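Please take the sequence and the model together, and follow the path set out below from one region to the next.

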Amino acid sequence: MGDRGWRWTDAHFCSLPSQTNVYGLTRITDSEGNNKLLVASLDGKVIAVEYQTFNNRLTPCTKEIQFTYIPGDAEIVSVDVLRRCQGNNGIIVGITFLKLQEDEKECKPASQFLNLYSASEVGDEANLDTVAQGCLSLELNFIPYQLTHTELLDGSSKEMVFLLSGGDNKIHMYRESFKSHGFQETPSEEFFPEFKNIPSSVLQLNIGYLDNYERRLTVMGHQNGLVQVAYVNVAAKEVLYSWSTEHDSPITSIRVFTAKNHVACPSFLDFFNEESTREEEEKLANFNLLVTSALEPAVVYRNILITGFEDMLSLPNSEKFDSTLCSCVVDIDFDGENELLVGTYGQELLAYKYFEENQHFDTDRKYSQSDTTKAGSSQSNTPTHTSSTPERTLNQLEELNKQRHRSDESNSQPTHVKDAQPTRKAKSQEDLFLPVHGVKEEQDQLQDDIQPPFNPAGFQLLWQRSFPGPVVGLDRLDIMGDGMDDLVVVTLKGMHILQPDLGEVAEVCRERLRGLCDSSSEPDDAYHNLQKETFGR
């Protein structure tokens with residue numbers, strides 16, 4: 001796997017009628033696990049992208065969804081989709097927008113709205129065209145920012161709710177009322193105590209449940225650069241622990257992730273019985289937090305539930321391409337470890353990987369590990385070197401030593417012939433790095449070439465890729481339905497769908513299958529059938 005580049009290739013591009021923003025991308029996942037993307041442009045249009053099979057060929061399909069009650073002069077701010085929990089396959093689409101109110105005599109301030117779309121007809125709850133016609137419009141008295149959704153536990157019941165951050169330094173919760181068949185705003189602090197006394201507008205919100213919904217991890221990124229983390233007892237509605245830190249610019253994205261990429265074991269591989277349950281993984285997991293801000297380098301706070309914000313690593317050169325606007329966590333090279341992607345306003349996508357101490361990424365040799373050996377007990381002081389050191393470098397050192405001896409002879413005083421026959425050391429006993437007038441500086445440089453530089457543990461840039469516009473959105477999902485996550489990159493000009501090199505993925509799959517076969521003395525027939533169906537052998 002060391003010779004693979006892991007540069008993902010273009011699979012599809014969808015242009016947008018106008019530019020979008022950092023809140024304009026969301027996904028829809030149906031009950032069968034099929035994924036669809038929604039991208040909202042500022043001019044009020046929403047584009048749906050999915051892959052369908054026609055004549056045994058996988059084809060991308062792009063379609064504009066006509067959502068009602070969005071004026072022609074409206075500017076969409078954010079969009080999100082949730083799926084009901086009450087045994088219903090239906091979806092609810094939320095769209096926030098600003099409506100400019102211009103008068104010939106005076107310019108009135110814009111008004112803000114939240115439109116919630118759902119289908120009431122049985123059988124059409126997941127049909128986007130039908131959903132787009134059923135609208136509940138709510139006027140807002142604050143500037144909307146991010147619209148997201150999460151689970152709400154009220155006693156023994158669980159339901160999905162919308163959370164909307166606003167310019168009034170609050171997070172508003174919209175809960176479905178089954179009696180009135182609509183939505184109504186409910187004070188969020190009653191169920192989310194971490195939302196009390198928010199000091200600034202929240203631009204980024206991330207919520208995740210742990211320990212079978214007994215605990216909740218909430219991260220908030222603020223407009224004034226503040227980052228807050230809260231660990232909450234869900235049943236008691238109590239904040240157990242909280243941490244905070246400040247940055248010098250607005251927070252543009254936050255991602256909670258683990259170093260390992262946890263993938264559920266497929267049902268046909270259960271006979272290996274090596275995968276632990278999701279609950280056990282969460283208890284043992286060390287959660288890290290990726291934070292990007294407008295003017296600073298992107299940083300990673302490691303093991304936040306134990307060390308808070310004390311253990312920090314930066315992503316080198318992430319600030320050199322204008323503001324960092326978005327981020328994503330994905331296993332780029334299929335090694336089971338998560339890599340980090342950062343999108344910038346400077347039209348660059350940066351991919352970072354964590355390396356242990358003295359491990360580095362070579363663009364020619366790919367992943368490499370410094371294999372410098374310690375000096376042995378030999379009398380020779382010749383420095384140890386890596387396997388990649390050219391042999392000519394050592395020859396140059398020998399030549400420099402010859403120059404040293406010639407310099408010594410030319411600069412020495414005349415002596416008797418008998419005294420001019422010094423006992424010469426064996427070559428293995430010669431000190432190649434003794435200070436010698438005239439060649440010491442060259443020897444030091446050659447020694448630096450031989451001794452590899454020390455590389456501390458941290459994130460290193462794997463690769464970067466340029467796009468035709470600022471990168472404002474990133475996501476990973478299996479939109480093609482082939483079992484591999486694809487990468488979605490949204491710019492101001494359109495949406496790019498990238499996929500890994502299929503030849504490299506096929507080779508990795510073969511290696512993993514061979515490894516499973518070698519590790520099992522009596523592999524199940526399902527493995528042989530899978531190998532035959534996949535590779536024809």
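In which loop is N303 found? In this predicted model, N303 sits in the loop between β20 (299-301) and α3 (304-307). The backbone of N303 deserves a look, for its phi is near 55 degrees, a positive value in a residue other than glycine. Most residues other than glycine have a negative phi. N303 counts as buried because its relative accessibility is 19%, and the cut-off for that class is under 20%.

A second residue invites the same kind of inspection. D322 is found in the loop between β21 (312-314) and β22 (324-330), and its phi, near 70 degrees, is again a positive value in a residue other than glycine. With a relative accessible area of 47%, D322 is partly exposed, since exposed residues are those over 50%.

From these loops one may turn to a sheet. Strands of a sheet pair through backbone hydrogen bonds, either parallel or antiparallel. The open sheet considered here has four strands in the order β10-β11-β12-β13, and their pairing is antiparallel. Its edge strands are β10 and β13 (182-186), each of which pairs on one side only. On average, and with direction ignored, neighbouring strands of this sheet are turned by 30 degrees against each other.

Within this sheet, strand β11 (residues 157-166) is mostly covered, in that eight of its ten residues are buried. Towards strand β10 (residues 144-154), β11 is joined by nine bridges, and the two strands run antiparallel; among the residues matched in this way, P144 has G166 of β11 as its bridge partner. The connection between β10 and β11 is a hairpin with two residues between the strands, and G155 in the turn has a positive phi of about 70 degrees. Towards strand β12 (residues 171-177), β11 pairs over four bridges, likewise in the antiparallel sense, with L163 standing opposite M173 in β12. β11 and β12 also form a hairpin, here with four residues between them, and N169 in the turn has a positive phi of about 65 degrees.

How are the aromatic rings arranged? The structure holds nine aromatic pairs. In one of them, the ring centres of Y209 and Y213 are 5.2 Å apart and the planes stand at 40 degrees, so the pair is tilted: stacked pairs have planes under 30 degrees apart, and edge-to-face pairs over 60. The two residues can also be described by their accessibility: Y209, at 12% relative accessibility, counts as buried, whereas Y213, with a relative accessible area of 27%, is partly exposed. Y301 and F309 form an aromatic pair that is edge-to-face, with 4.7 Å from centre to centre and 90 degrees between the planes. Both Y301 and F309 are buried. Elsewhere, ring pairs link Y231, Y241 and W243 into a cluster.

Two further residues illustrate contacts that reach across the sequence. T20 lies in the loop between β1 (9-15) and β2 (25-29), and its relative accessible area of 3% is why T20 counts as buried. The side chain of T20 reaches the backbone oxygen of A40 at 2.7 Å. If residues up to four places away in sequence are not counted, T20 touches A40, S41, L42, V472, V490, T491 and L492.

The other residue, L349, belongs to strand β24 (residues 348-355). Its relative accessibility is 0%, and L349 therefore counts as buried. Leaving aside neighbours within four places in sequence, L349 is in contact with L341, V342, G343, W463, Q464, R465, F467, L474, L487 and V489. A C-alpha to C-alpha distance may be added to this picture: L349 and P470 are 121 residues apart in sequence and 9.4 Å apart in space.

Terms used. Residues numbered from 1 in each chain as written. Predicted model: local features only at pLDDT ≥ 70, side-chain atom pairs only at ≥ 80, totals over all residues. Heavy atoms only, no water. Phe/Tyr/Trp six-rings, centres within 6.5 Å; stacked < 30°, edge-to-face > 60°. Buried < 20%, exposed > 50% of the residue type's maximum accessible area, 1.4 Å probe, protein only. Pairing = 2+ DSSP bridges. Axes fitted to C-alpha atoms, helices over the stretch in contact; angles between N-to-C directions. Polar contact = N/O pair within 3.5 Å; in protein donor to acceptor, adjacent residues only side chain to side chain. Contact = heavy atoms within 4.5 Å.
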